[in-house]
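These are my notebook entries on a multi-chain model. I set out to look up how its chains meet and how one of its sheets is built.

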Amino acid sequence: MLRINLIVIVAVVVLVLVGALVWGLLGGGETKKIVVMDDMDRELKLAGRPERVISLAPNVTEILFALGLDDMVVGVTTECDYPAQAREKRQVGDINVDFEAVLEQEPDLIFMMGGMEEARERLGELGLTVAVVDPKDLDEVMESIIWVARITEAEDTGTELVEDMQARIELVRERAGEFEHEPTVFYEVWDEPLMAAGPGTFINALIREAGGKDIAQDMPQPWGVFSEEKLFQEDPEVILVSWHDYEQVLKREGWQGLQAIKDKRVEWIDPDIIARPGPRIVDGLEAVQAAIFPEVH
Amino acid sequence: MQGNLSKSVIFIITLFLLLAGAFLALAWGSVPIPWSRLPVILFNPGPEEGTLQLILVQLRLPRIVLSMLVGFSLGVAGCVFQGLLRNPMADPYLVGISAGAGVGALMAMVLGWQFQVLGLGAGPFLAFAGGLGTVLFVYRLARVGGKVPVTSFLLAGVAVGFLLNAVMSVLMVAMGRDLHRVLYWLLGSFSGRGWTQVQLIIPYFIIGLIILVTQARNLNLLVLGEEAALHLGVNVEKSKRLLIAGATLLTASAVAVSGLVGFVGLIIPHIMRILAGPDHRVLLPLSGLGGALFLLWGDTMARSLMPPVELPVGVITALAGGPYFLYLLRRYRETYFGGG
Amino acid sequence: MSLYELKEVSFSYEKEPVLKDLQLEIREGSFLGLLGPNGSGKTTLLRLLSGALSPQKGNVFFKGQEVSLMEPAERARAMGVVPQEFNLDFPFVLEEVVAMGRYPYLPWWGALGAMDQEKIEEALYITGLERLRKRTINRLSGGERQRGVIARALAQDPQVLLLDEPVSNLDIRYQQEVFELLARLNHDRDLTIILVSHDLNLAAQYCSELALLSQGSIKAMGSPKKVLEAGLVESTYGVAVEVAENALTGRPQVSLLPHRARAAGEIENGPWVHVIGGGGSAQQILYGLKRWGFRASLGVVNAGDTDAEVARRLDIPRVLEAPFSAISAGAREANEKYIEQADFLLIADVPFGGGNMANLELALEAARRGCRVLRIKGKSIEERDYTGGSAAWLWEVLGSLGAIDIELEEVFNHLKGGVESE
């Protein structure tokens, strides 16, 4: 009797232990941790797939929607106007963060862009998890998309998206290689004062990738005032504008001597596709190439 | 005399408005919270109200406290500078504090410096140091044979201010795309400020206030002019030093945590003088309370007028303060300017 | 007992000394006016007395204590200072301004005690401002405001009141108001009063003592009569003045001589004009000579004669004879000396009698020597000859010696012509 009892007891104990072990192993698998490095090289650890995500930058909003995460997004900024569904989301700030509205949404992950250190620290103080999306060039845009996809467990869509982008970029590069001539290009950021975008900006990178030569290549800083004399000296073949009507530029006083004006080579580019480092940056690249080389059309 | 109200009545009214304002401000914001629920949410939140408590305790409360502290500081400092410079149109930024702090803050932004000193981040620390350093420099510059005549202090301050403003413009050009941050800083804002900033400002607030309270009566006499004050028994140079030190401490620390919130230091002491007379023993604390009240309301408006967009509080103070100021000037023109 | 004692005090703002080795003693209870032209150092002196400035050299003692070493509050309890002007952009009411006078007696927060209230009341009462106590300071008239500042100084309960041109911005009614008040304070309460003034006459009327400063030192000090002597005033201020005596108070009264008046002797090598007059006949001539800046002398006239008095006021040298006496040998000799130096001899429309025939005789001698003699046209010599013909005879001889008869109005043109031709 005693012996049987003992066996039964031992068996029960072993069973319970093994069961607990197996259950534990299986359970641990279900709540696996997601670890990702953001663009500021900060390690992010999430307990699981985030359910409520806030985007504090239009490009991130575009990335999230491109990844098909429409339902996950619970907050955007007033600047987030693409895709159209983004406008229906709760707006939780513009350049400044409306911390109350952010808290109210009870997000488990917040995406923001670089250069908002104070707001980022404040959100950290409030116990929120923040990821910084801050790509500096075309390749980094795709890298950012990849890790954003990983942390939101949309890796498949992400890979697909990036592969498509990569293919289109390759195509543009191939075409650029085919043109023997490298047209000089000026992208006008603003007219008064005349401002241009130099190295370190996306537009500069896009012009080069598309096969053009940016006359603002020597600028000491990414964004700044560009001397009109320099413009006339370089006399670009193409002028790109985003913030002005190109017809108005064509009529601009004193500019009539410029080659681009004489040739009517002033093209308008949608600022959103060249300034937002998101999926549509490839649209921007294609648009720039089409503007520089009319033959592409 | 000025106004029809006795000083203690004005005191009580201001204090009441301040407390009531703080309570209302707690209920106002981009997330609606019914004010009847406030006590419950604050002290005994239900299971669904944890976030609301967080919003109240971590967002609204520190902003309310901070805006009151900054308003108090600027009101008092403005009052001191107006008395000291014998000019009811002076403000705390007149002698170069703003430009000095601006250069400091912009340097931090442009150069992207990141460090912590005394619990202050690079921006606030450099703003604080810039403001303090500028006034110190101006004070030394204005010294003539062991004395610092108020006129040369003012002139040196304005001149140095111009110089630093030019430096600031250069830095702003260098800012390029991040100009909006500068803009918000220049207009003043409490966006994203919390208990950290409250902790930062409090020691300077207390020290500055203690210094100024001891000098309130001397300020009454300094208003008559330095020589007149001397003849009435004021130790003029010592008193001036303390007044400048106290007011600078208050202003520089306020600027460090909130940027250049304009108008408070100019019109609040003025309004209070119209209402309660020029005795600084009454006027200093009253200007402080008035400044606190004004900025509390200003900030509440700034964050709840058009959510989620937040207006710079300086815009609100100018929009709200300007017309009221003009009204008071017109109404009391005769008593105030004499002769009429 | 002396209240202030200044020992070899020198002061300069920059390089040029404003005060040089000044020695001064001011008695307790005096009412002292500090006079002098702009830049003479009188305001600087006042500021040294009040402790607003410290001397670079020498010492300023107040009751044996060095003023610059006293604490501000200590000084404020001893001296009340009233500035020239008091403007305030801050709407303090009068009562508050007067209460500021109690500052040096109060603890740091400045709560007023019964004693302080009493002093404030008293100051308001003395200055007659009780009714206006609640009035904003900028709504007071100039005189009221200045009295208010004096009230503030009085609330300091000082031993001395120092005032810097306290009435220069006030019209004469308020000037009187303020000075009457000061005189009362000095008289009734034995308060020492020291004031800087540009107005010689106000100072002369009210001050018991005057000090005349010039180029950083004290040129004269004493009673108004002694200090406001025409010659002294002229050499200090560089203007031509007449010093008369106020008929009511007996105090000197200074009048500027208008037009192109020059101080005596300013035309150093201009002609010297000796005047024979008397009985007021030379009055206009004397004023004219003064006004045009000629060196002049008068004689012989009797002391107390109108012309003699005018000459005194104008600081013109004169030869005097005792009242109602004939010209003595001594006076005649003295007059002769003046005439010998003179380039012109001017004979006024004066009657001649036994007493003053000597003047006519001297004129004759002068004419013989070649001195140019001018005779003012007036009554005929017969009408004013009280000698029984001898004056008329001498008159004729004088005429034959080339004396010119001239209208009073023409005299100065003639003299000036003389200057220009020389």
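The entries below cover conventions, chain pairs, the two interfaces and one sheet.

**Entry 1, conventions.** I worked from a predicted model, in which local features need pLDDT of at least 70 and side-chain atom pairs count only at pLDDT 80 or more, while totals for chains, interfaces and linings use all residues. Residues are numbered from 1 along each chain as its sequence is written, chains are lettered from A and ligands numbered from 1 in the order in which they are written, and side-chain values use heavy atoms, with hydrogens and water left out.

**Entry 2, chain pairs.** I looked up which chains are in contact (heavy atoms within 4.5 Å). Of the 2 pairs of chains in contact, chains B and C share the most contacts. Chain A and chain C have no contact, and their closest C-alpha atoms lie 42 Å apart.

**Entry 3, chains C and B.** I noted 34 residues from chain C and 36 residues from chain B in this contact. I took buried area as the accessible area (1.4 Å probe) that two parts lose on being put together, summed over both. For chain C and chain B this is about 2,900 Å², with 61% of it on carbon and sulfur atoms. I counted as a salt bridge a side-chain nitrogen of Lys or Arg within 4 Å of a carboxyl oxygen of Asp or Glu. There are 2 salt bridges across this interface; B:Lys7 and C:Glu96 form a salt bridge through their side chains at 3.9 Å, N to O.

I then asked which elements of chain C supply the side that touches chain B, with helices (H or I, at least four residues) and strands (E, at least two) taken as DSSP runs numbered from the N terminus. Helix 1 (42-50), helix 2 (72-78) and strand 6 (79-82) of chain C each supply at least two residues there. Helix 2 of chain C gives the most, with 4 residues. I classed Ala, Val, Leu, Ile, Met, Phe, Trp, Tyr, Cys and Pro as nonpolar, Asp, Glu, Lys and Arg as charged, and the others, Gly among them, as polar. The side of chain C that touches chain B then has 20 nonpolar, 8 polar and 6 charged residues.

**Entry 4, chains B and A.** I found 30 residues from chain B and 24 residues from chain A in this contact. The buried area is about 2,300 Å², of which carbon and sulfur atoms give 52%. The interface holds 2 salt bridges, and one of them joins the side chains of A:Glu100 and B:Arg303 at 3.3 Å, N to O. On the side of chain B that touches chain A, helix 3 (50-84), helix 6 (150-175) and helix 7 (179-187) of chain B give two or more residues each. Helix 3 of chain B gives the most, with 7 residues. By class, this side has 13 nonpolar, 11 polar and 6 charged residues.

**Entry 5, a sheet in chain C.** I took two strands as paired if DSSP finds at least two bridges between them. Chain C has an open sheet of 6 strands in the order 6-7-8-3-9-10, with mixed pairing. Its edge strands are strand 6 and strand 10 (217-222) of chain C. Strand 6 and strand 7 (residues 160-164) of chain C pair in the parallel sense over 4 bridges, and C:Val82 has C:Leu163 in strand 7 as its bridge partner.
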